[in-house]
Amino acid sequence: MRRIVDQVAPILLLALLIGGWEAACRLMDIKPYFLPAPSAIWTEAIKDAPLLALSAWGTLSRAFIALVVASLISGLLALAVSLSGILERAVRPLVVTLQVTPIIAIAPIVQIWAGVAHPERAVISLAAIVAFFPIFSGALTGMKAADPDLERLFRLYGASRWQTLTRLRIPSSIPFVLEGHKVAAGLALVGAVIAEFAAAGGGVIGLAWRIQESLFRLQVAKAFAALLILGIMGAAVYALLGLAERRILAWWRGR
Amino acid sequence: MTIASLKDVEVEYGKRGRAVGPFSLSLEAGEIVALVGPSGCGKSTALRLLAGLEGPTRGTVTRAAGRGETSLVFQAPTLAPWLSATDNVALPLELAGMASKEARDQARAALGRVGLAGAEAARPAQLSGGMAMRVSLARALVTSPRLLLLDEPFAALDEITRRTLADDVLALWQETRPTILFVTHNVEEAVYMAQRVVAMTPGPGVLAGERVVTGPLPRPHGFRTTEGFRATAEQVSDLLATGRAAA
């Protein structure tokens with residue numbers, strides 16, 4: 001009974017909100033360019049489905065590529081840094097500076113570097129920059145989180161640095177790396193959207209551009225439809241990664 | 001023959017000051033020595049010195065048993081959660097360069113010796129505390145060590161499991177007769193497990209005295225109720241109490 005209530009409650013709240021929204025639009029005669037009714041957004045979403053799907057795929061694929069790029073670079077850097085204390089002290093401030101710099105601020109520069117002909121490169125780079133930190137931080141924390149007594153045993157057994165890295169540090173870091181990826185995936189999506197707004201200038205097909213373009217034409221319902229897709233996509237990515245994290249962790253822990 | 005010894009060792013940890021010493025301890029081939037003392041008296045530090053995992057600030061550590069001939073068991077099982085029981089036990093052999101298949105065969109045999117035949121594929125999370133400790137013991141024994149260092153290995157276990165494991169360790173000792181240093185804060189456990197009990201007092205950790213335990217090993221049923229056991233345990237407790245009063 002409790003479970004059913006738990007599952008029904010969010011759906012009920014959503015239905016109430018949408019119902020209230022629809023009623024308000026109809027009863028208060030709100031102008032569609034100010035706030036379109038949910039039914040109008042739905043109609044627009046159905047009508048524009050092929051274009052929206054194409055745009056969603058554009059944004060999603062760039063976010064995914066950015067995640068892969070960030071994962072590779074931050075993983076390798078975390079590995080290198082974990083081997084040398086000096087390197088870590090040297091790299092940390094740079095990484096933190098990069099982390100706290102808003103990507104909106106560096107977007108124009110990255111746009112210039114990527115070149116006018118390749119706006120997608122600018123978008124992927126910016127999204128990768130945003131996704132970089134959680135993975136790097138997770139991997140580094142994880143590699144240092146190995147059980148100190150296990151580390152002592154490895155020393156006692158005369159394990160080489162390479163053995164300690166591959167057979168202790170890297171396996172120990174897996175839960176932290178997974179958590180880092182979960183956070184980074186959401187950030188990559190957000191980063192890809194922001195970068196489309198800030199650096200692509202309409203040069204790539206994506207949901208952010210769809211929103212901007214619709215608003216230019218005062219097709220507010222269309223913008224909301226794109227926003228709806230973006231929200232669903234974000235939730236789906238988060239749920240999917242959460243599931244993957246649980247599965248992999250269960251395998252890692254053996255239950 | 002002396003397997004390992006500490007001579008007038010002192011250990012200082014920076015601003016925290018002297019943690020151990022001057023302290024001396026000598027372990028002869030094939031004997032079981034218990035090092036008993038309250039928490040924080042430097043027992044584990046002494047053990048790490050003997051393992052070669054730490055160096056003393058002053059004094060000398062001699063070790064006849066080399067790196068590959070020394071094994072260590074901690075209070076927690078300290079197993080890799082991502083490895084099966086067999087792979088955990090095979091780890092020290094593989095790190096020493098043995099081929100994986102042979103290492104795993106020996107690991108399975110070691111698991112059998114500690115009574116875990118059938119649990120080879122289980123992961124640490126699927127094992128009870130006592131079983132996980134047995135895997136840890138199997139990992140320590142698989143290299144046929146000359147020196148076995150046990151750092152409060154039963155402290156986290158319930159009384160029944162603890163007693164069973166104590167008897168099992170003594171039975172295993174009888175097979176290959178490694179030198180065992182058994183660190184504990186439990187006086188009865190120390191007297192039960194060892195031929196010689198060394199008492200240590202804190203602040204900094206120094207020798208409070210030592211007592212020889214007479215009686216057969218492994219211990220016969222009812223050993224804990226014998227006059228000899230009671231008297232020795234009482235003497236060791238007195239040593240610790242006097243040591244604490246002096247400190």
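**Exercise 1.** Which elements of chain B make a right-handed β-α-β unit?

*Solution.* This is a predicted model. Start with strand 6 of chain B. Go on to helix 5 (residues 159-176) of chain B. End with strand 7 of chain B. Together, these three elements make the right-handed unit.

**Exercise 2.** Find the strands that pair with strand 6 of chain B, and give the direction of each pairing.

*Solution.* Step one: take strand 5 (residues 70-73) of chain B. It is joined to strand 6 of chain B by 4 bridges, and the two run parallel. Within this pairing, L72(B) has L149(B) as its bridge partner. Step two: take strand 7 (residues 179-184) of chain B. Here 5 bridges make the link to strand 6 of chain B, again with a parallel run. L150(B) faces F182(B) across this pairing.

**Exercise 3.** Is strand 6 of chain B largely enclosed or open, and why?

*Solution.* Buried means under 20% relative accessible area. Apply that to residues 147-151 of chain B: 5 of the 5 are buried, so the strand is largely enclosed by the rest of the structure. Now sort the side chains. L147(B), L149(B) and D151(B) point one way. L148(B) and L150(B) point the other way. Both groups are buried.

**Exercise 4.** What is the helix content of two spans of chain A that UniProt lists as "transmembrane region"?

*Solution.* The record, an unreviewed entry, includes residues 63-87 and 94-116 of chain A. Residues 63-87 of chain A are 96% helix and 0% strand, with end C-alpha atoms 29 Å apart. Residues 94-116 of chain A are 83% helix and 0% strand, and their end C-alpha atoms lie 28 Å apart.

Conventions. Residues numbered from 1 in each chain as written. Chains lettered and ligands numbered in written order. Predicted model: local features only at pLDDT ≥ 70, side-chain atom pairs only at ≥ 80, totals over all residues. Heavy atoms only, no water. UniProt positions renumbered as here; feature names shortened; annotations may be inferred. Buried < 20%, exposed > 50% of the residue type's maximum accessible area, 1.4 Å probe, protein only. Pairing = 2+ DSSP bridges. Right-handed = clockwise from strand over helix to strand, strands pointing away.
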